[in-house]
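User: Please go through the assignments in this model and say what each of them rests on. A value set against its cut-off is enough.

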Amino acid sequence: SIHKTSEFEVGILSHKQGEEWPTHYHTGTEINYLVSGEMMIQNKILRSGDIFKINPYEIANPEFITDCTVVVVKTPSVPGDKYLAEKPKNV
């Protein structure tokens with residue numbers, strides 16, 4: 001890491017079309033920018049250029065419709081705070 005801090009962390013994630021990603025939540029806030037691709041989360045279709053926020057303890061259930069690149073800013077930085085959750089029904 002070029003700059004270590006407990007205040008936030010930034011990642012650039014690449015996901016392949018149809019990649020299985022576990023339904024999960026975090027204890028912090030995630031602000032996400034979909035650089036490229038198309039995905040669905042909480043039954044909402046997102047496309048390149050969309051920004052979306054996932055609040056603490058909010059269930060994330062991403063589905064990658066196409067190959068995607070996502071910039072993720074998570075605050076605070078708490079390594080290992082991904083907790084598996086049941087996939088929500090009709091959300």
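User: Why is the contact between Arg47 and Glu38 called a salt bridge?

Analyst: The closest N and O atoms of Arg47 and Glu38 are 3.6 Å apart. A salt bridge needs a side-chain nitrogen of Lys or Arg within 4 Å of a carboxyl oxygen of Asp or Glu, so this pair qualifies. The model is predicted: local features need pLDDT of at least 70 and side-chain atom pairs pLDDT 80 or more, while totals for chains, interfaces and linings use all residues. Numbering runs from 1 along each chain as its sequence is written, and side-chain values use heavy atoms, with hydrogens and water left out.

User: Are Arg47 and Glu38 buried or exposed, and how do you know?

Analyst: Neither word applies. Buried means under 20% relative accessible area and exposed over 50%, with partly exposed in between (1.4 Å probe, protein chains only). Arg47 has 47% and Glu38 has 23%, so both count as partly exposed.

User: How many salt bridges does that rule give, and what makes Glu9 and Lys74 one of them?

Analyst: The count comes to 3. For Glu9 and Lys74 the N to O distance is 3.8 Å, which is within the 4 Å limit, so the pair is included. The two residues are 65 apart in the chain, with Glu9 in strand E1 (residues 9-15) and Lys74 in strand E8 (residues 68-75). Strands (E, at least two residues) and helices (H or I, at least four) are DSSP runs numbered from the N terminus.

User: What is the accessibility class of each partner, Glu9 and Lys74?

Analyst: Glu9 is partly exposed at 30%, whereas Lys74 is buried at 6%.

User: What joins Lys74 to Asp81, and why is Asp81 called buried?

Analyst: A salt bridge of 2.5 Å, N to O, joins the side chains of Lys74 and Asp81. Salt bridges that share partners then make one network of Glu9, Lys74 and Asp81. Asp81 has a relative accessible area of 2%, so it falls in the buried class. The residue sits in the loop between E8 and strand E9 (83-84).

User: Which other side chain does Asp81 contact, and what makes that a polar contact?

Analyst: The other side chain is that of His26, at 3.0 Å. A polar contact is a pair of N or O atoms within 3.5 Å; within protein, one must be able to donate a hydrogen and the other to accept it, and residues adjacent in sequence count only if both atoms are side-chain atoms. The distance is within the limit, so the pair counts.

User: Where does His26 lie with respect to the largest pocket?

Analyst: His26 is among the residues nearest the pocket centre, together with Leu13, Trp21, Glu30 and Val72. The lining has 25 residues, and E1 gives the most, with 5.

User: What makes this space a pocket, and what is its volume?

Analyst: On a 1 Å grid over the protein atoms alone, a pocket is an open set of points with protein on both sides within 12 Å along at least five of seven lines, whereas a cavity holds points where a 1.4 Å probe fits but cannot get out; lining residues have an atom within 4 Å of a point. The volume is about 370 Å³, taken as the space filled by probe spheres set on points joined across faces, edges and corners.

User: How does the lining divide by residue class?

Analyst: There are 14 nonpolar, 6 polar and 5 charged residues. Charged means Asp, Glu, Lys and Arg; nonpolar means Ala, Val, Leu, Ile, Met, Phe, Trp, Tyr, Cys and Pro; the others, Gly among them, are polar.

User: How do you know that E3 and E6 pair?

Analyst: DSSP must find at least two bridges between two strands. E3 and E6 have 4, in the antiparallel sense, so they pair. Across this pairing, Ile31 stands opposite Lys53 in E6.

User: What bridge count supports the pairing of E4 and E7?

Analyst: Strand E4 (residues 38-41) and E7 share 2 bridges, antiparallel, so the minimum of two is met. Met39 has Phe64 in E7 as its bridge partner.

User: What is unusual about Thr75 and Pro76?

Analyst: Their peptide bond is cis, with omega at about -5°. Most peptide bonds are trans.
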